Structures are given as structure tokens and as C-alpha cells.
Amino acid sequence: MQDFLFEWLSGAGAEAAVFASAFISSTLMPGGSEALLAGALSQTPDDTPRLCRLVLLATAGNTLGAMTTWLIGRLIPEREKTDRALVWLRRWGAPALLLSWLPVVGDALPLAAGWLRMPAASCAVWVAVGKLLRYVVVAAGTLSLV
């Protein structure tokens, strides 16, 4: 079983799994795409194009998942917005979404941004930058251990 897992993580199946795991992990559902990415990266540490592709797929999946959460927030009817976190998000605006990579609270930021009717394009850019930075750090840490 272990050999099958290592073979699968070094093949094309890993790319689809990294994307799907990153997407699911960025919605309101729990998940841990970093571990799957690290496993896939460790199987072919010398294949730079594949490493870049895996990081970009994880970033794209995680960003699309966050924007799905943003859309869910957008669909929530507007009401009085006085919560402290919402006031903070309104104050800092879309750049606060750089922190959407954080565990637990990071998933709620796109939801709140959608609910606050923040523009989708600027939210997507800030989310993508934050997610990319996180996955670059995961990749660098993984490759330094391999």
C-alpha cells in the first residue's frame, strides 16, 4: 500500500489531488492540503517544473475555494454589521485577505468579505497572493527536509 501511495504521489494523480484538496481545504469544510502537497513535492524534489505546477495548482484550488466561500457570503442577506471582526475587515479592506491562509479564522475572512460586498476581483487577488506565499513556504520547508 505504501508503494502505491508513493507511486501515486509522484504521478499525475497527485496534481488533481493537490488541487482538489486545496479547494476543499479553503471552503468552510476542514482539510489539510499542506500535507498532501508536501507528500507530492517530496516524491520528485528535482523536477522544478512539476514543483512549480504543484504549488500553482494548490494556490489556484485554494483561491477558488476561498472565492466560493466569498460567494456564499455574498448570498447572505445584508443586516446590521457590528461584529468586531467585520469592523476590522471593513477598516483594512481587501488587503486583509492576505491572512486568509491562517487556520480557522482564515476561512471566515472570505465569507465576511463577501457578506460585506467587497469587490470580487480585489478579494481574489489578495487571497491568491496570501495562498501563494503560504504554499511557497510549505514547498521550501518540504524541499529543505528532502
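**Exercise 1. Find what share of the protein chain is buried, and describe its secondary structure.**

*Solution.* Start with burial: in this predicted model, 40% of the 146 residues of the protein chain count as buried. Next, go through the secondary structure: there are 7 helices and 0 strands. Reading along the sequence then gives the pattern α-α-α-α-α-α-α.

**Exercise 2. Check the length of helix H2, then work out where its buried residues lie around the axis.**

*Solution.* Begin with the length. Helix H2 covers residues 13–26, which is 14 residues, and at 1.5 Å a residue they should span 20 Å. The end C-alpha atoms are 20 Å apart, so the two values agree. Now list the buried residues of H2: Ala-14, Glu-15, Ala-17, Val-18, Ser-21, Ala-22, Ser-25 and Ser-26. They cover an arc of only 165 degrees around the axis, so they sit on the same side of H2. A handy rule helps here: an α-helix has 3.6 residues a turn, so residues three or four places apart point the same way.

**Exercise 3. Locate Trp-101 and decide whether it is buried, partly exposed or exposed.**

*Solution.* First, the place: Trp-101 is in the loop between helix H5 (84–92) and helix H6 (105–115). Its relative accessible area is 35%. Partly exposed lies between the cut-offs of 20% and 50%, so Trp-101 is partly exposed. Finally, look at its partners: Trp-101 forms a nonpolar surface patch with Trp-88, Trp-92 and Leu-99, and together the four have about 400 Å² of accessible area.

**Exercise 4. Say what stands out in the backbone of Arg-117, and where this residue is.**

*Solution.* Look at phi: for Arg-117 the angle is positive, about 60 degrees, although this residue is not a glycine. Then find Arg-117 in the loop between H6 and helix H7 (120–145). With 26% relative accessibility, Arg-117 counts as partly exposed.

Definitions and conventions
Residues are numbered from 1 along each chain as its sequence is written. This is a predicted model: local features need pLDDT of at least 70, side-chain atom pairs count only at pLDDT 80 or more; totals for chains, interfaces and linings use all residues. Side-chain values use heavy atoms; hydrogens and water are left out. Patches are made of residues with over 30% relative accessible area and no salt bridge: like charges are joined within 9 Å, nonpolar side chains (Val, Leu, Ile, Met, Phe, Trp, Tyr) within 5 Å. Accessible areas come from the Shrake-Rupley method with a 1.4 Å probe; for residues, only the protein chains shown count as cover. A salt bridge is a side-chain nitrogen of Lys or Arg within 4 Å of a carboxyl oxygen of Asp or Glu. Helices (H or I, at least four residues) and strands (E, at least two) are DSSP runs, numbered from the N terminus. Buried means under 20% relative accessible area, exposed over 50%, partly exposed in between (1.4 Å probe, protein chains only). The expected span of a helix is 1.5 Å times one less than its number of residues. The arc is that of the directions from the helix axis to the C-beta atoms.
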